[in-house]
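Biologist: Could you walk me through a model of a single chain, one feature at a time? I would like to learn how to read each one.

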Amino acid sequence: QVQLVESGGGLVQAGGSLRLSCAASRRTFSSYTMAWFRQAPGKEREFVAAISSTSGSTRYADSAKDRFTISGDNTKNTVYLQVNSLKPEDTGIYYCAASSSFRTMRVQFWGQGTQVTVSS
């Protein structure tokens, strides 16, 4: 069973920063593309960013290219999402995901999510 455990969410003032973490098993981290999605209140879950476990290549949603950075630490089997200059519209639940395809981003496994709330 694949387990993805997110942490790092919380209440932040607009303009602040957060770093979300997602811990995975070594096999998961090395075998899957790791990604972040988010779901704002009343909206559908949307893709934010992904990182390839094999090449280290990254991809971002257009809305995330300027303030979001995804990275991975192979020694800790952890993927991170750094978010800067937070805005109230960044509020939502952020989910870690594991996908077998960097190209299609079809998700095989989800984490439980971590809440991010940005106050204005």
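Modeller: Happily; we will go from the overall fold to the cores and then to single residues. Keep in mind throughout that this is a predicted model.

Biologist: Let us start with secondary structure. How many helices and strands are there in the chain?

Modeller: The general idea is to count the elements and then read their order. Here the chain has one helix and eleven strands. Read from the N terminus, the order is β-β-β-α-β-β-β-β-β-β-β-β.

Biologist: And the overall dimensions? What radius of gyration does the chain have, and what would a compact globule have?

Modeller: Here we set the value beside a reference. A compact globule of 120 residues would have a radius of gyration near 14 Å, and the chain has 13 Å, so the two agree. If you prefer a box, the C-alpha atoms fill one of roughly 40 × 25 × 25 Å along the principal axes.

Biologist: How do I read contacts along the sequence? What share of those with a separation of 6 or more comes from residues 24 or more positions apart?

Modeller: That share is 56% in this chain. Burial is another overall number to look at: 43% of the 120 residues count as buried.

Biologist: What about the surface and the charges? How much area does the chain expose?

Modeller: The exposed area is about 6,500 Å², and carbon and sulfur atoms supply 45% of it. For charges, look at the counts and at where the two sets are centred. There are 13 positive and 8 negative side chains, with the centres of the two sets 8 Å apart.

Biologist: Now the interior. Which residues have the most contacts inside the largest nonpolar core?

Modeller: For a core, ask who belongs to it and which elements contribute. The largest one has 27 residues, and Leu4, Met34, Trp36, Val79 and Leu81 have the most contacts inside it. Two or more residues come from each of S3 (18–24), S4 (33–39), S5 (46–51), S7 (68–73), S8 (78–83), S9 (92–99) and S11 (114–119). Strand S3 gives the most, with four residues. Another core lies apart from this one; it has five residues, including Ala35, Phe37, Ala50 and Ala97.

Biologist: Could we zoom in on S3? Is Ser21 buried or exposed?

Modeller: Ser21, which lies in strand S3, has a relative accessible area of 15%, so it counts as buried, the cut-off being under 20%. Now look at the neighbours. Leaving aside residues within four places in sequence, Ser21 is in contact with Val5, Glu6, Ser7, Trp36, Thr78, Val79 and Tyr80. Trp36 and Val79 also appear among the residues with the most contacts inside the largest core.

Biologist: And Val12? Where does that residue sit?

Modeller: Val12 is in strand S2 (residues 10–13) and is buried, at 13% relative accessible area. Beyond its neighbours within four places in sequence, Val12 is in contact with Ser17, Leu18, Leu86, Thr117, Val118 and Ser119. Its C-alpha atom is 9.3 Å from that of Lys87, although the two residues are 75 apart along the chain.

Biologist: Which residue would you take as an exposed case?

Modeller: Try Ser120, in the segment after S11. It has 88% relative accessibility and therefore counts as exposed, which requires over 50%. Outside four places in sequence, Ser120 is in contact with Ala14 and Pro88. The C-alpha atoms of Ser120 and Thr58 are 30 Å apart, with their positions 62 residues apart along the chain.

Biologist: Is Ser63 buried, exposed or partly exposed?

Modeller: Ser63 is partly exposed, at 45% relative accessible area. Its place is the loop between S6 (58–60) and S7, where Ser63 touches Arg38 and Phe68, not counting residues up to four places away in sequence.

Biologist: Last topic: backbone angles. What sign does phi have in most residues other than glycine?

Modeller: It is negative in most of them. Now two cases with a positive value. Asn77 has a phi near 55 degrees and lies in the loop between S7 and S8. Met105 has a positive phi of about 55 degrees, and its loop joins S9 and S10 (107–110). Asn77 counts as buried at 15% relative accessibility, and Met105 counts as buried at 10%.

Definitions and conventions. Residues are numbered from 1 along each chain as its sequence is written. This is a predicted model: local features need pLDDT of at least 70, side-chain atom pairs count only at pLDDT 80 or more; totals for chains, interfaces and linings use all residues. Side-chain values use heavy atoms; hydrogens and water are left out. The radius of gyration is taken over C-alpha atoms; the globule rule is 2.2 Å times the number of residues to the power 0.38. Buried means under 20% relative accessible area, exposed over 50%, partly exposed in between (1.4 Å probe, protein chains only). Contact means heavy atoms within 4.5 Å. Accessible areas come from the Shrake-Rupley method with a 1.4 Å probe; for residues, only the protein chains shown count as cover. Lys and Arg count as positive and Asp and Glu as negative; His and the chain ends are not counted. The place of a charge is taken as NZ of Lys, CZ of Arg, CG of Asp or CD of Glu. A nonpolar core is a set of buried Ala, Val, Leu, Ile, Met, Phe, Trp, Tyr and Cys residues joined through side-chain atoms within 4.5 Å.
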